[in-house]
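Student: Could you take me through one part of this protein in close detail? I'd like to come away with a picture I can follow on the screen.

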Amino acid sequence: MRFLSLKPVLRYALIILFIVVSTGIVFSFFMSNYIVLLLVLLTEFIVLMMMLHYVFDKYVKPIQKATNTLDELVKGNFRARMHHPVSGSMASLLMQINKLARSLSELSINEKMQAEQLTTVIENIQSGLILIDEKGYIHLVNRNFLGLFGNKKERDYIGYLYYDVLDHEKIHKTIQQTFLYEEKVKDSLIIENGHKQYFEIIGAPIFDEKNMLKGAVIVLYDITELKKLEAMRKDFVANVSHELKTPITSIRGFAETLLDDNNLHDVDTAKQFLSIINEESKRLQMLIQDLLSLSKLEKDDSKIELATVHFTELVDEVMPVINQQAENNGITLHVESGENIEFKAEHSGVKQVMINLLVNAISYTPKGGGVTLLAEELEEYIHLQVSDTGIGIPKESLPRIFERFYRVDKARSRNTGGTGLGLAIVKHIVELHQGKIEVESEVNVGTTFHVYFPKR
Ligand SMILES: Nc1ncnc2c1ncn2[C@@H]1O[C@H](COP(=O)(O)OP(=O)(O)OP(=O)(O)O)[C@@H](O)[C@H]1O
Ligand SMILES: [Mg+2]
């Protein structure tokens, strides 16, 4: 750089030397006094040198600096700026160059930010993503995609042909069809990673501005949860149909038998059949009521109206029904509670929880057993506890008893008139209150349900 800036100075100095020497030779013909001649030449030399310095500082130096700054900008160093004390057109050139540098710097920052944003989006979307060019080479795979196929790294894919590094036939097919039809293609895929994962694969072609195919984006969208929900819905419909079928078949059977003239004259048989029909229709009604309350609870916008619930009031409302049932089953009922227990909850919801748990406790406890209802105030929760000395629930069934229609002993539970929805309803109500429910049980010893309602 130094050498470069010295070169023009030397060049101009040589020209000045040449001018001084040639004027000296010409003047020597007219001047005989060498001292005067030397003084004239010296003055000429000084004046020319001063002129050179002025031109150099005002024009050459700024142009050199401008060239250097532009060089830096071309190399991508957008922080390069030019500083030189000048005026006039040179000053405006300097200003324009600095303005250009600032714009370039802003542009590059924006571009960098956009690139970073795009990378963040690609890396963090919940779907696997692959970008392939028109020749079939992989250009990009995101983190989620890598997670799907075990411990392979980005470098195991990028720069390779998709059919060399991707094992799944379905992915190959989607890519081929995307290229062939040049339109969006959808398929589904199951990946086994210890557990089954269901995916929807979507292949979308990419075109350039001339509408020529440039490649394809393949997205693997996890639909495992959706599949689970679909299976649950199917199960539910099958269960409901099954539950409805049993009482309806029985009602129809007994009604048909009754319609047979011979049976109608036998008053005792007729009464017996009619009471069965009555029982079965009650069961149907209960089932439909339970289904309706479940669907009401499950509605997304299902809201609860909180009011102050007094435990003693609840007990007064629930006990007449429960006492009657306990007496019929030969079971002693016991209620224990702290003083003045009150909390914010939905009155009818808490009542339903207590009835369902108490009825279960009575139904699944043999004659002579006992059922206890306990209420206590904890720091953040109101703890309700229903315990019995009944048949208990086997360990393997405990995680499932809150499922809809789940019964430990199907035949026995049906005899008690149960629909298998009681605990599902209880759990829903408790969760709507942001509370929790726990159960502990030992076969032939007894069962205890703990419900915690937040006091708020
Ligand atoms: N206290 C208990 N002791 C033993 N088993 C119980 C008890 N409570 C519930 N269970 C078991 O859990 C199952 C599910 O109870 P849930 O209350 O949901 O249904 P259900 O009692 O059969 O019918 P319903 O919908 O009429 O209440 C019961 O069938 C029973 O096998
Ligand atoms: Mg029940």
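Tutor: Let's look closely at the sheet in domain 4, and then set it beside the sheet made by E1 to E5. Keep in mind throughout that this is a predicted model.

First, get your bearings. The chain is split into domain 1 (2-110), domain 2 (125-222), domain 3 (227-298) and domain 4 (307-454). If you jump from domain 1 to domain 4, their C-alpha centres are 98 Å apart.

Now zoom in on the sheet. Five strands make it up, in the order E7-E9-E10-E12-E11, and the sheet is open with mixed pairing. At the edges you'll find strand E7 (332-337) and strand E11 (436-442); each has a single partner strand, so one side of each has no neighbour in the sheet. On average, neighbouring strands here are turned by 10° against each other, direction ignored.

Start in the middle and work outwards. Strand E9 (residues 370-377) and strand E10 (residues 381-388) run antiparallel and are joined by 7 bridges. If you want one rung of that ladder to click on, take Leu374, whose bridge partner in E10 is Gln385.

Next, slide over to the E11 edge. E11 pairs with E12 in the antiparallel sense, over 7 bridges. Here Glu440 stands opposite Thr448 in E12. The two strands make a hairpin with 3 residues between them. In that turn sits Asn444, which has a positive phi of about 65° although it isn't a glycine. Most residues other than glycine have a negative phi. Asn444 has a relative accessibility of 65%, so it counts as exposed. There's also a charge-over-ring contact to look at: the charged end of Lys436 sits over the ring of Tyr452, 5.4 Å from the ring centre.

Then add the helices. Helix H10 (residues 311-329) lies across E7, E9 and E10, and runs at about 180° to E7. Helix H11 (residues 347-363) lies across E9, E10 and strand E12 (446-454), running at about 20° to E10.

With that in mind, turn to the other sheet. This one is also open and has 5 strands, in the order E2-E1-E5-E4-E3, but the pairing is antiparallel. Strand E2 (138-141) and strand E3 (185-192) take the edges, each with a single partner strand, so one side of each is left without a neighbour in the sheet. Neighbouring strands in this sheet are turned by 20° against each other on average, direction ignored. Towards the E2 edge, strand E1 (residues 128-133) pairs with E2 in the antiparallel sense over 3 bridges, and Leu131 has Leu140 as its bridge partner in E2.

Helix H6 (residues 169-181) lies across E1, E3, strand E4 (196-207) and strand E5 (213-222), at about 165° to E3. Follow the chain on from H6 and you reach Glu182, in the loop between H6 and E3. Glu182 is another non-glycine residue with a positive phi, of about 50°. Its relative accessibility is 39%, so Glu182 counts as partly exposed.

For a residue in this sheet to centre the view on, try Ile218, which is in strand E5. Ile218 has a relative accessible area of 0%, so it counts as buried. Setting aside neighbours within four places in sequence, its contacts include Gly128, Leu129, Ile130 and Ile132, along with Ile175, Ile201, Ile202 and Gly203. For a sense of distance, Ile218 and Asn98 are 120 residues apart in sequence and 44 Å apart in space, C-alpha to C-alpha.

Last, have a look at the rings. The model has 7 aromatic pairs. One of them is Phe145 with Tyr157: the ring centres are 5.4 Å apart and the planes are at 75°, so this pair is edge-to-face. Phe145 belongs to helix H4 (residues 143-148), while Tyr157 is in the loop between H4 and helix H5 (162-165), so the pair ties together parts that are 12 residues apart in sequence. Phe145 and Tyr157 are both buried. To finish, find Arg404: its charged end sits over the ring of Phe236, 4.2 Å from the ring centre.

Key:
Residues are numbered from 1 along each chain as its sequence is written. Chains are lettered from A and ligands numbered from 1 in the order in which they are written. This is a predicted model: local features need pLDDT of at least 70, side-chain atom pairs count only at pLDDT 80 or more; totals for chains, interfaces and linings use all residues. Side-chain values use heavy atoms; hydrogens and water are left out. Domain bounds come from an automatic or database domain assignment. Two strands pair if DSSP finds at least two bridges between them. Helices (H or I, at least four residues) and strands (E, at least two) are DSSP runs, numbered from the N terminus. Axes are lines fitted to C-alpha atoms, for helices over the stretch in contact, and angles run from 0 to 180 degrees between N-to-C directions. Contact means heavy atoms within 4.5 Å. Rings of Phe, Tyr and Trp (its six-membered ring) pair if their centres lie within 6.5 Å; planes under 30 degrees apart count as stacked, over 60 as edge-to-face and the rest as tilted. Buried means under 20% relative accessible area, exposed over 50%, partly exposed in between (1.4 Å probe, protein chains only). A charge sits over a ring if NZ of Lys or CZ of Arg is within 6 Å of the ring centre and within 35 degrees of the ring normal.
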